[in-house]
Amino acid sequence: MDLDAITKQSALHAKPDGLTLQYGTAGFRTKAEHLDHVMFRMGLLAVLRSKQTKSTIGVMVTASHNPEEDNGVKLVDPLGEMLAASWEEHATCLANAEEQHLPRVLVDISEKAAVDLHQDAFVVIGRDTRPSSEKLSQSVIDGVTVLGGQFHDYGLLTTPQLHYMVFCRNSEGQYGEASVEGYYQKLSSAFVELTKQAFCSGDDHRTLKVDCANGIGALKLAEMKHYFSQGLSVQLFNDGTRGKLNHLCGADFVKSHQKPPQGIEMKANERCCSFDGDADRIVYYYHDADGQFHLIDGDKIATLISSFLKELLLEIGDGLSLGVVQTAYANGSSTRYLEEVMKVPVYCTKTGVKHLHHKAQEFDIGVYFEANGHGTVLFSKAAETKIKQLAKESEDEKRKAAKMLENVIDLFNQTIGDAISDMLVIEAILALKGLTVQQWDALYTDLPNRQLKVKVADRQVISTTDAERQVVKPPGLQEAINDLVKKYRLSRAFVRPSGTEDIVRVYAEADSQENTDSLAYEVSLAVFQLAGGIGERPQRGF
């Protein structure tokens, strides 16, 4: 490790004084102008991680659903998964080190992680369409090269595509070909194969309007759509030619505001969906005949997919375990429908994709979706092997179901939530089952819910347990929430501290919107009174 060369190169990517950042589930995110030094240092870290794991590591330059002026970076581990927690700490330490301490921190990380500095390193890099992303990607490359790493710059990619590239390279092609073309071929051929026998009630049923958030998803879906055009016609809106990234559009906007994005024309009962800025989230929606907006979020996506998988598993009858993983934010109606109607076991974890992903890996087939539309289906290696064996050897009906499951395996980008692969799976299931968007929506009725925020002097006064559904401290707060919940039908509420700022997030649901709003207000007031609220007291009507 040439520390003098690193010091000289780092001076060209100097850290601003007083800036402190934390690596979390989303990596680093902040205003783009503050990130040059972080990108350079994540290039350095990616090389160390590659040497330690003797594998290809990915670096993705994106800020997902954040505004266009923001940017960010996340590292991708060898199997296409998120960076290991112990290395999140290394990332935070490296990003925040003052210039004069950078060489020492690099040596410390190398020693703590037992990195063989003589080992070769290879890093792959992708970026979204933000104006700042190309320059910041170059800063990553500067970090990789000064530490002697080799790299391949894929340029513009969705976040899930970069995860796919990393996994393909480290599986020596067994997962797929590590190219954009390979990604398109794998997903589209599985979709076409799966939908061959679909019952179709008319051409209009097979058309989908896609809001691409003026992001990278528009470019990639435009390149890909001709591969499956006979089975599905997609019309792209907010494709980046006019609008601003994530501005009044995209999955996060639609989910948060409970209304359609700007820039899309919706007719009654037309299926529409929205990606987020880096195409790893998806939500569906439609207008009914009366013009009322209906959102189909991650809970209903998980319900549709897991119901379909359950039917196929019953057909093959091989005892493979299926589990659905949710967070406390999942609508209570979805949990009840899965457990009581579909007889599918549901498990709850702490908020954050890494917690959901880890739990889903405990099953032969694990389904997880956050309500915001970020999720996927994970198949264990044993389940994958068994399904592929049954697809070759079993009698007709069982073989047919196993073959469909095999196509589903190929359709899912199992390393991370992927809006494009999720969209294709959803469209295949709707076609195979002959379901309209209204029939899908009618599987169950969401309970009204409300999310609020309460400013507090110190968020650390709140600690929780039971997947963040129960408050441990401050004393008396959980008892107060319990008493308030008892006042309303079909109600529940929980509070949890933000991971990044001194606010407490409040979630409530009940049998009516009026009761939900009352419960949310009363719980917010209890938080304000018992957890050191500051500023204006919560008000009715928000």
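How many disulfides does the count come to? The count comes to 0 in this predicted model, and the views below take the cysteines along with other local details.

**View 1. Overall layout, split into four domains.**
Start with the whole chain, which is divided into domain 1 (1–155), domain 2 (180–294), domain 3 (296–413 + 436–440) and domain 4 (447–529). Note that domain 3 is written in two pieces. Taken over C-alpha atoms, the centres of domain 2 and domain 4 are separated by 34 Å.

**View 2. Cys 249 and Cys 93, two cysteines to look at.**
With the count at 0 disulfides, here is how one cysteine sits: Cys 249 is in no disulfide, and the nearest cysteine sulfur, that of Cys 212, is 9.4 Å away. Cys 249 has a relative accessible area of 3%, so it counts as buried. Cys 93, at 42%, is partly exposed.

**View 3. Helix 3 against helix 4.**
Here helix 3 (residues 85–96) packs on helix 4 (residues 102–112), with the axes 10 Å apart and an angle of about 170°. That is over the 145 degrees cut-off, so helix 3 and helix 4 are roughly antiparallel. On the helix 3 side, the contact is made by Trp 87, His 90, Cys 93 and Leu 94. Their partners in helix 4 are Leu 102, Val 105, Leu 106, Ile 109 and Lys 112. So the partly exposed Cys 93 from the previous view turns up here among the contacting residues.

**View 4. Helix 8 crossing helix 15.**
Now for another helix pair: the axes of helix 8 (residues 216–224) and helix 15 (residues 419–433) come within 11 Å and cross at roughly 50°. Helix 8 and helix 15 are therefore oblique to each other. Lys 220, Leu 221 and Met 224 are the helix 8 residues in this contact, and they meet Ile 420, Met 423 and Leu 424 of helix 15.

**View 5. The annotated loop around Glu 370 and Asn 372.**
An unreviewed UniProt entry carries a "binding site" annotation that covers, among others, Glu 370, Ala 371 and Asn 372, as well as Arg 496 and Arg 505. Glu 370 is in the loop between strand 13 (365–369) and strand 14 (375–379), and Asn 372 is in that loop too. Is Glu 370 buried or exposed? Its relative accessible area is 11%, so Glu 370 is buried. Asn 372 counts as buried as well, at 17%. Leaving aside residues up to four places away in sequence, Glu 370 touches Gly 298, Thr 351, Gly 352, Val 353 and Leu 356. With that exclusion, Asn 372 touches Lys 255, Arg 281, Ile 282 and Val 283.

**View 6. Backbone oddities at Ala 279 and Lys 343.**
Neither residue is a glycine, yet Ala 279 has a positive phi of about 65° and Lys 343 has a positive phi near 55°. Ala 279 sits in the loop between strand 8 (272–275) and strand 9 (282–287). Lys 343 sits in the loop between helix 11 (332–341) and strand 12 (346–349). What about accessibility? Ala 279 is buried, at 0%, whereas Lys 343 is exposed, at 56%.

**View 7. The cis peptide bond before Pro 474.**
Lys 473 and Pro 474 are joined by a cis peptide bond, with omega about 10°. Look for Pro 474 in the loop between strand 17 (470–473) and helix 17 (477–485).

Notes. Residues are numbered from 1 along each chain as its sequence is written. This is a predicted model: local features need pLDDT of at least 70, side-chain atom pairs count only at pLDDT 80 or more; totals for chains, interfaces and linings use all residues. Side-chain values use heavy atoms; hydrogens and water are left out. Domain bounds come from an automatic or database domain assignment. UniProt positions are given in the numbering used here, feature names are shortened, and annotations may be inferred rather than shown by experiment. Helices (H or I, at least four residues) and strands (E, at least two) are DSSP runs, numbered from the N terminus. Buried means under 20% relative accessible area, exposed over 50%, partly exposed in between (1.4 Å probe, protein chains only). Contact means heavy atoms within 4.5 Å. A disulfide is a pair of cysteine sulfur atoms within 2.5 Å. Axes are lines fitted to C-alpha atoms, for helices over the stretch in contact, and angles run from 0 to 180 degrees between N-to-C directions. Angles under 35 degrees count as roughly parallel, over 145 as roughly antiparallel, 65 to 115 as roughly perpendicular and the rest as oblique.
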